Amino acid sequence: MNKIILANLKSNKSFESSKEWIENLLQNVDDSTLSKLDVSVVPSFTTLEMMSSKILQAQKNISVSVQDISSFPAGSYTGAISGQNLMGLNVKYAIVGHSERRKYFKETSNDVASKVAQCLENDIKPVVCIDTEYLEEQLNLIEKQDMEKCIVAYEPLSAIGSGKNADVGNVKSVVERVKIIAGDVPVIYGGSVNEFNISEYLMVCDGALIGRAALDQEQFRRVIESCI
Ligand code: PGA
């Protein structure tokens with residue numbers, strides 16, 4: 001399995017600067033490097049269609065993913081983006097339960113379990129974020145047959161956006177803990193990953209979720225190239 005590299009752009013960038021970011025990335029990133037990885041860009045919903053079609057046009061081995069999905073199906077849920085809304089946009093993964101969603105939008109482990117179900121009903125692979133305090137609670141709320149179709153992202157709160165990336169040994173032990181509960185699912189790590197530390201993480205887990213180091217396309221290109 002190729003290593004999964006997700007570029008989470010969060011709520012950054014205007015439409016124009018998003019366009020520049022993806023155009024430059026597609027122009028500069030090396031095809032043979034991309035062929036050995038599973039790179040997905042995770043932009044805002046407002047730039048998703050634009051990025052998806054630019055990637056398609058460029059015929060690069062990159063996909064688009066989303067930062068969140070509604071816990072409800074299609075229907076009268078004003079402001080929510082449902083799985084049905086995402087159909088036809090070639091969305092590969094959905095990040096669910098990111099700690100920023102828990103903190104600022106008061107998402108619970110039950111909400112996240114519903115989001116997993118919505119993803120799977122719409123052929124989107126969920127990337128379930130966990131930290132050690134609620135690892136068991138979160139994973140146990142997901143149906144066993146659904147869990148097998150998920151990716152788990154270990155995202156220690158202290159490491160996100162702080163420059164204090166987690167110890168590789170710690171990541172290795174959390175990966176083992178996840179696999180005891182969730183079975184042999186892919187586990188990725190996120191939290192201050194950059195071009196200098198990514199290769200160490202890829203030795204103990206299946207990929208990385210990158211925030212700050214993805215905002216500049218040139219820096220993100222170097223992160224990708226450091227994976228090989
Ligand atoms: P960071 O963000 O790379 O800026 O720490 C990671 C994340 O939020 O997933």
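**Note on helix H11 and two loop residues**

1. Lys-13 sits in the loop that joins S1 to H1. The model is a predicted one. In it, Lys-13 has a phi near 85°, which is positive although the residue is not glycine. Its relative accessible area is 31%, so Lys-13 is partly exposed, the range for that class being 20% to 50%.

2. Asp-123 also has a positive phi, near 60°, and is likewise a residue other than glycine. Asp-123 belongs to the loop between helix H6 (109-121) and strand S5 (125-130). With a relative accessibility of 73%, Asp-123 counts as exposed, since the cut-off is over 50%.

3. Helix H11 covers residues 217-225, and its buried residues are Gln-217, Phe-220, Arg-221, Val-223 and Ile-224. Viewed down the axis of H11, these fall within an arc of 155°, so they line one face of the helix.

4. The cover over the buried residues of H11 includes the strands S1 (3-8), S2 (37-42) and S8 (207-210), along with the helices H1 (15-28), H2 (31-34) and H10 (198-202).

5. The axes of H1 and H11 are 9 Å apart and make an angle of about 40°. The two helices are therefore oblique to each other, and their crossing is right-handed. On the H1 side the contact is made by Trp-21, Asn-24, Leu-25 and Asn-28; on the H11 side, by Gln-217, Glu-218, Phe-220, Arg-221, Ile-224 and Glu-225. Sorted by class, the residues in this contact are 4 nonpolar, 3 polar and 3 charged.

Definitions and conventions: Residues numbered from 1 in each chain as written. Predicted model: local features only at pLDDT ≥ 70, side-chain atom pairs only at ≥ 80, totals over all residues. Heavy atoms only, no water. Buried < 20%, exposed > 50% of the residue type's maximum accessible area, 1.4 Å probe, protein only. Helix = DSSP H or I, 4+ residues; strand = E, 2+ residues; numbered from the N terminus. Arc of directions from axis to C-beta. Contact = heavy atoms within 4.5 Å. Axes fitted to C-alpha atoms, helices over the stretch in contact; angles between N-to-C directions. Parallel < 35°, antiparallel > 145°, perpendicular 65-115°, else oblique. Left-handed = near helix turned anticlockwise from the far one by under 90°. Nonpolar A, V, L, I, M, F, W, Y, C, P; charged D, E, K, R; others polar.
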